[in-house]
Amino acid sequence: MKSRVFVFVVAASLLFIMALYFLINPSYEKSLRAKYYYETGEYAEAYNLAKEAFDIDVYNRMAATVMAQSQTSLKYKNYIDDAKKYMKGIDEIAKHKQISDADKAKIKMMCNIMLGSYIKLAPSVITDEELVQEAAAYHAKFEKLLEKVTQN
């Protein structure tokens, strides 16, 4: 009976020491904060904190993972932001009664830029599914738009 209690006390002590080290170590503390910011969708802040944590301890796998995932999510977020900006510009062109050849060329160029940018995106298992789906939806819109512009 005493041996079971002893094993339990030793195991609990080791777990407590490990948890304390994990929470006190500045690298792991920053990586935990980075993970929180990643989960809340603040990818730039998550990337910065994870990079700081990784610079402190290059063996911190949590920091490396959060840094890589934040970087991937930032690429998706930037793609979506660019897509919104280009769609707004295309909507302004579409308001004209007649679309000139120069405007069609602008639309083609915008579509080609966004289609080329989409190819460079590579989601991972952890990448936010909403970001991936929104980027894919914009990609499909630009494909259809380019097809319509090149037909006329």
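**Exercise 1. Charges**

How many positive and how many negative side chains does the chain have, and how far apart do the centres of the two sets lie?

*Solution.* The model examined here is a predicted one. Step one is the count: the chain has 21 positive side chains and 19 negative ones. Step two is the position of the two sets: their centres lie 1 Å apart.

**Exercise 2. Fold and overall dimensions**

Determine which secondary structure elements the chain has, and set its radius of gyration beside the value for a compact globule.

*Solution.* Begin with the elements: there are six helices and zero strands. In sequence order, this gives the pattern α-α-α-α-α-α. Next, consider the dimensions. For a compact globule of 152 residues, a radius of gyration near 15 Å would be expected, but the chain has 24 Å. Along the principal axes, the C-alpha atoms fill a box of roughly 90 × 30 × 20 Å.

**Exercise 3. Surface and contacts**

State what percentage of the residues count as buried, how much area the chain exposes, and how its contacts are spread along the sequence.

*Solution.* First, 29% of the 152 residues count as buried. Second, the exposed area is about 10500 Å², of which carbon and sulfur atoms supply 60%. Third, take the contacts between residues at least 6 apart in sequence: 68% of these join residues at least 24 apart.

**Exercise 4. An aromatic pair**

Describe the pair formed by Tyr 79 and Tyr 118, and explain which parts of the chain the pair ties together.

*Solution.* The structure holds three aromatic pairs. One of them joins Tyr 79 and Tyr 118, with 5.6 Å from centre to centre and 55° between the planes. Planes under 30 degrees apart would count as stacked and those over 60 as edge-to-face, so the remaining angles count as tilted. The pair of Tyr 79 and Tyr 118 is accordingly tilted.

The next step is to locate the two residues. Tyr 79 belongs to helix H4 (residues 61-94) and Tyr 118 to helix H5 (residues 101-119); the pair therefore ties together parts that are 39 residues apart in sequence. Finally, consider accessibility. Tyr 79 has 4% relative accessibility and counts as buried, whereas Tyr 118, at 22%, counts as partly exposed.

**Exercise 5. Three further residues of helix H4**

Classify Ser 73, Gln 71 and Lys 77 as buried, partly exposed or exposed, and relate each to other residues of the chain.

*Solution.* The cut-offs are needed first: buried means under 20% relative accessible area, and exposed means over 50%.

- Ser 73 is found in helix H4. Its relative accessible area is 0%, so Ser 73 is buried. Beyond its neighbours within four places in sequence, Ser 73 is in contact with Tyr 38, Tyr 43, Thr 127 and Leu 131.
- Gln 71 lies in helix H4. With 40% relative accessibility, Gln 71 counts as partly exposed. Its C-alpha atom is separated by 9.1 Å from that of Ala 46, which stands 25 residues away along the chain.
- Lys 77 is also placed in helix H4. A relative accessible area of 35% makes Lys 77 partly exposed. From C-alpha to C-alpha, Lys 77 and Glu 129 are 12 Å apart, with their places 52 residues apart in sequence.

**Exercise 6. A loop residue**

Where is Asn 25 placed, and is Asn 25 buried or exposed?

*Solution.* Asn 25 occupies the loop between helix H1 (2-24) and helix H2 (26-39). Its relative accessibility is 13%, so Asn 25 counts as buried. As a last step, compare sequence and space: Asn 25 and Lys 144 are 119 residues apart in sequence and 52 Å apart in space, C-alpha to C-alpha.

Terms used:
Residues numbered from 1 in each chain as written. Predicted model: local features only at pLDDT ≥ 70, side-chain atom pairs only at ≥ 80, totals over all residues. Heavy atoms only, no water. Helix = DSSP H or I, 4+ residues; strand = E, 2+ residues; numbered from the N terminus. Rg over C-alpha atoms; globule rule 2.2 N^0.38 Å. Buried < 20%, exposed > 50% of the residue type's maximum accessible area, 1.4 Å probe, protein only. Contact = heavy atoms within 4.5 Å. Areas by Shrake-Rupley, 256 points an atom, 1.4 Å probe, with all protein chains shown as cover. Lys, Arg positive; Asp, Glu negative; His and termini not counted. Charge placed at Lys NZ, Arg CZ, Asp CG, Glu CD. Phe/Tyr/Trp six-rings, centres within 6.5 Å; stacked < 30°, edge-to-face > 60°.
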